[in-house]
Amino acid sequence: MPGLAKTNDFMLGTATVMIGPAAELHDLNPAEHSVGLVKNFTITSEPSYTELSQGVKNTIVHSIMTANPVRATMEVYEYTARNLAYSLGLESAEAMAPLTVATTVNGAVNGGSPTAMTFDVTSAAGLTEGAYIMIELDQEDNFIIRKIVDIATLVITVDQPLPDIPDDAPVKLVNNIGIGSKDDQPFYAAKIAGKLANGDKVVILIPKLRIVKGFNMAFTTDNYGNLPMEFTLYDLVNTDTFYAEFGGDQARIFRQ
């Protein structure tokens with residue numbers, strides 16, 4: 001019967017996507033560099049040709065490849081600070097990390113005046129000048145963002161006047177992620193570790209890329225949101241770390 005399978009090397013599976021500094025391509029690992037839950041990772045090569053035709057029938061007699069862009073897309077489901085920064089093309093993306101520093105207000109704050117810009121905390125460990133904090137005034141949606149301008153033992157001074165704050169209000173350190181930056185994102189590297197339907201492992205190495213699309217933050221109730229990231233892959237130049245290894249290839253697939 002025609003069309004019967006010769007192997008069980010079928011494509012149905014998931015992949016772990018790791019992103020990091022270009023110089024660390026071979027050292028990327030899931031613990032430090034994985035972007036978490038990913039669906040529909042797809043990498044495509046789209047060669048185009050300039051063709052030479054002849055005769056009144058314009059039959060093709062020759063062609064030359066004139067372009068071969070390689071792109072990769074995926075849906076990233078974890079809205080971590082680092083993933084948000086990657087999706088926005090921020091230069092500081094690699095430095096973004098989950099923040100666990102938290103404390104509480106020690107003593108109620110009587111706000112409402114321009115001079116109410118200080119408050120006491122039960123602990124200032126992990127807080128630094130220039131950092132941003134979120135003060136939760138209740139457990140629903142009433143919270144404020146302030147920038148720390150000074151720390152004197154357990155007394156915090158912020159950049160904007162404060163409202164009334166109850167005693168024991170939670171204070172949390174937060175990342176500051178800009179939207180609409182015009183700065184160029186640095187080049188990154190990526191390692192994609194996936195499995196075929198039969199369990200065989202496949203690894204893709206991308207030595208030079210930029211994340212050119214992906215930010216999408218919609219608070220909806222009908223489905224889980226995701227960051228639809230898109231990579232543009234680049235040719236290496238002789239000053240790039242892995243130029244000698246990859247030559248003119250923009251990515252490599254390693255398959256048994």
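Q: Let's start with pairing. In what sense do strand β2 and β5 pair, and over how many bridges?
A: Strand β2 (residues 38-45) runs antiparallel to β5, and the two are joined over six bridges. Keep in mind that this is a predicted model. To see one of those links, look at T44, whose bridge partner in β5 is R71.

Q: Which strand pairs with β5 besides that one, and where should I look?
A: Try strand β14 (residues 227-233), which pairs with β5 in the antiparallel sense, again over six bridges. R71 helps here too: in β14, its bridge partner is T232.

Q: How do I read the side chains along a strand, and which ones in β5 are buried?
A: Here's the general idea: in a regular strand, side chains alternate between the two faces of the sheet. Now the case here: in β5 (residues 70-76), V70, A72, M74 and V76 point to one face and are buried. R71, T73 and E75 point to the other face and are not buried.

Q: What does M74 touch?
A: Leaving out residues up to four places away in sequence, M74 touches V17, I19, V38, K39, N40, F41, L227, P228, M229 and F231. M74 also belongs to the largest nonpolar core, which has 29 residues. V17, I19, F41, M74, I192, I206 and F231 are the ones touching the most other members. Among the elements that each supply at least two residues of this core are β1, β2, β5 and β14. There's a second, separate core as well, with 19 residues, including A124 and I133.

Q: Which residues make a nonpolar patch on the surface?
A: I179, F215, M217 and F219 make one of about 480 Å². Find M217 in the loop between β13 and β14; its relative accessible area is 43%, so M217 counts as partly exposed.

Q: What about charged side chains: which residue forms a salt bridge with R255?
A: In general, side chains of opposite charge can pair when their charged atoms come close. R255 does this with D9, with the closest N and O atoms 3.2 Å apart. Because R255 sits in strand β15 and D9 in the segment before β1, the pair ties together parts 246 residues apart in sequence. D200 joins D9 and R255 in a network of salt bridges.

Q: And E136, which meets K172 in a salt bridge: is E136 buried or exposed?
A: E136 is buried, because its relative accessibility is 17% and the cut-off for buried is under 20%. K172, at 35%, is partly exposed.

Notes: Residues numbered from 1 in each chain as written. Predicted model: local features only at pLDDT ≥ 70, side-chain atom pairs only at ≥ 80, totals over all residues. Heavy atoms only, no water. Buried < 20%, exposed > 50% of the residue type's maximum accessible area, 1.4 Å probe, protein only. Helix = DSSP H or I, 4+ residues; strand = E, 2+ residues; numbered from the N terminus. Pairing = 2+ DSSP bridges. Core = buried A, V, L, I, M, F, W, Y, C linked by side-chain atoms within 4.5 Å. Contact = heavy atoms within 4.5 Å. Patch = residues over 30% accessible without salt bridge, like charges linked within 9 Å, V, L, I, M, F, W, Y side chains within 5 Å. Areas by Shrake-Rupley, 256 points an atom, 1.4 Å probe, with all protein chains shown as cover. Salt bridge = Lys/Arg side-chain N within 4 Å of Asp/Glu carboxyl O.
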